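Biologist: I should like to work through this structure by means of short questions. May we begin with individual residues and then turn to the helices?

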Amino acid sequence: MFFFIAKRARNALILLFLASVLCFSLVVSAPGNIAILIAELRTPTATKADIAKVAEEIGLNKPLLIRYTDWLGNAAHGNFGISYKTGEDVGTSLRSRLSVTATLVAGGAMVALVFSLLIGFLGALWAHRMPDHIARGLALFGASTPSFFVGALLVYAFSVSFKIFPTFGYDGFRSFILPWLTIAMLPAAVLSRVVRVGLEEAMARPFVLTAMSKGFKRERILVRDALPNIAPTYLNALGTQIGLMVVGAVVVEPLFAWQGVAELFLTGIRFRDFMVVQACLLIFITFFIILNVIVDVLMMLTDPRMRRQRSGS
């Protein structure tokens with residue numbers, strides 16, 4: 001167990017190093033002179049002396065390797081440079097927005113977890129009957145509908161027509177409901193099929209026949225025996241869908257006027273603010289890598305076959 005976690009942590013550090021090189025190269029290879037952009041932000045009528053001073057401040061005169069190590073050290077302490085568009089510190093903007101995106105993704109993951117288990121379990125409980133057909137139809141609809149369309153429908157139905165939830169903003173629990181439902185729709189649909197198919201396969205195994213011969217009811221067998229068997233597969237799919245929720249946040253945050261990291265990333269792309277794009281990419285990639293490590297560890301803890309394989313190797 002310890003060696004497995006150590007190996008995954010080592011691989012994660014290697015991936016983080018490669019990601020940092022990629023993100024640093026994004027700014028280095030960007031067209032134009034960064035010093036001119038920053039100098040003009042400070043003074044619209046910047047002179048050559050002002051540009052040279054800025055170049056000296058941000059280290060453009062240093063060798064590329066020294067610039068990378070300086071940037072990496074600053075990034076490790078939360079210093080990602082200055083925004084070309086606003087002139088503000090990128091690290092400060094990120095810290096104020098991280099909680100917004102974390103709330104969106106965490107809430108969406110919980111909604112997707114509950115809905116997928118409920119829909120998949122009900123479909124397996126009444127297999128090939130009306131509840132199963134309804135669950136399959138809901139999953140097909142959820143997996144086929146884009147997030148921006150789901151969000152627009154929810155806003156029209158629950159905000160404009162019934163006036164139950166606010167249309168936009170990040171203020172209190174009621175403002176969280178529609179964004180959570182929007183970002184969770186597609187992952188919940190995909191995960192419900194993972195649960196339904198996994199339970200159907202588990203119910204065809206010999207241990208189910210043994211349990212049925214003892215007089216156990218179908219729902220008890222599903223909860224006590226079948227669900228634990230699909231846990232590794234479900235955790236793997238859940239981790240993938242949580243990662244995709246970060247991508248979905250790029251659509252959901254602007255739709256509901258949430259000032260999160262994804263919205264900042266989109267703004268950085270729109271205005272070619274490479275320092276913002278660089279910092280957001282590094283945050284996203286770091287999240288994906290850490291998430292994969294957590295999922296791998298949880299899969300090993302829930303799958304005895306993986307533990308035996310690791311202990312034997």
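Biologist: With which side chain does the side chain of serine 83 make a polar contact?

Modeller: The model is a predicted one, and serine 83 is placed in its loop between α4 and α5. Leaving out residues up to four places away in sequence, serine 83 touches Leu41, Glu88, Val90, Asp273 and Val276. One of these is joined to serine 83 by a polar contact between side chains, at 2.4 Å, and that partner is aspartate 273.

Biologist: Is serine 83 buried or exposed?

Modeller: A residue counts as buried when its relative accessible area is under 20%, and as exposed when the area is over 50%. The relative accessible area of serine 83 is 6%, so serine 83 is buried.

Biologist: Which side chain shares a polar contact of 3.2 Å with the side chain of glutamine 278?

Modeller: Glutamine 278 belongs to helix α12, which covers residues 274-302. Apart from neighbours within four places in sequence, its contacts are Cys23, Phe24, Leu26, Val27 and Trp71. A polar atom of the glutamine 278 side chain lies 3.0 Å from the backbone oxygen of cysteine 23. The side chain at 3.2 Å is that of tryptophan 71.

Biologist: Why does glutamine 278 count as buried?

Modeller: The cut-off for a buried residue is a relative accessible area under 20%. Glutamine 278 is classed as buried because its relative accessible area is 2%.

Biologist: Which helix gives the most residues to the largest nonpolar core?

Modeller: The largest nonpolar core has 76 residues, and those with the most contacts inside it are Leu94, Leu199, Leu222 and Cys280. The greatest contribution to this core, 14 residues, comes from residues 218-255, which form helix α10.

Biologist: Which residues does leucine 94 touch, not counting residues up to four places away in sequence?

Modeller: Leucine 94 is among the residues with the most contacts inside the largest nonpolar core. Once residues up to four places away in sequence are set aside, leucine 94 touches Phe80, Val261, Leu264, Ala279, Cys280 and Ile283.

Biologist: At roughly what angle do the axes of helix α5 and helix α8 cross?

Modeller: Helix α5 covers residues 90-125 and helix α8 covers residues 174-202. Their crossing is right-handed. The residues of the contact comprise 19 nonpolar, seven polar and one charged. The two axes come within 6 Å, and the crossing angle is roughly 35 degrees.

Biologist: What distance separates the C-alpha atoms of valine 111 and leucine 181?

Modeller: Valine 111 is a residue of helix α5, and its relative accessible area of 16% makes it buried. Neighbours within four places in sequence aside, valine 111 is in contact with Trp180, Leu181 and Ala184. Although valine 111 and leucine 181 are 70 residues apart along the chain, the distance between their C-alpha atoms is 7.0 Å.

Biologist: How far apart in space are valine 197 and isoleucine 230, C-alpha to C-alpha?

Modeller: Valine 197 is part of helix α8, and with a relative accessible area of 37% it is partly exposed. In sequence, 33 residues separate valine 197 from isoleucine 230, while in space their C-alpha atoms are apart by 9.5 Å.

Biologist: What is the approximate phi of histidine 128?

Modeller: Histidine 128 is situated in the loop between α5 and α6. At 53% relative accessibility, this residue counts as exposed. Its phi is positive in a residue other than glycine, and the value is near 60 degrees.

Biologist: What is the approximate phi of lysine 163?

Modeller: Lysine 163 sits in the loop between α7 and α8 and is exposed, with a relative accessible area of 64%. Lysine 163 is not a glycine, yet its phi is positive, at about 55 degrees.

Biologist: What distance lies between isoleucine 164 and isoleucine 58 in space, C-alpha to C-alpha?

Modeller: Isoleucine 164 is in the loop between α7 and α8, and at 38% relative accessibility it counts as partly exposed. Setting aside residues up to four places away in sequence, isoleucine 164 touches Phe158 and Arg174. Isoleucine 58 is 106 residues from isoleucine 164 in sequence, and their distance in space, C-alpha to C-alpha, is 50 Å.

Conventions:
Residues numbered from 1 in each chain as written. Predicted model: local features only at pLDDT ≥ 70, side-chain atom pairs only at ≥ 80, totals over all residues. Heavy atoms only, no water. Core = buried A, V, L, I, M, F, W, Y, C linked by side-chain atoms within 4.5 Å. Buried < 20%, exposed > 50% of the residue type's maximum accessible area, 1.4 Å probe, protein only. Helix = DSSP H or I, 4+ residues; strand = E, 2+ residues; numbered from the N terminus. Contact = heavy atoms within 4.5 Å. Axes fitted to C-alpha atoms, helices over the stretch in contact; angles between N-to-C directions. Left-handed = near helix turned anticlockwise from the far one by under 90°. Nonpolar A, V, L, I, M, F, W, Y, C, P; charged D, E, K, R; others polar. Polar contact = N/O pair within 3.5 Å; in protein donor to acceptor, adjacent residues only side chain to side chain.
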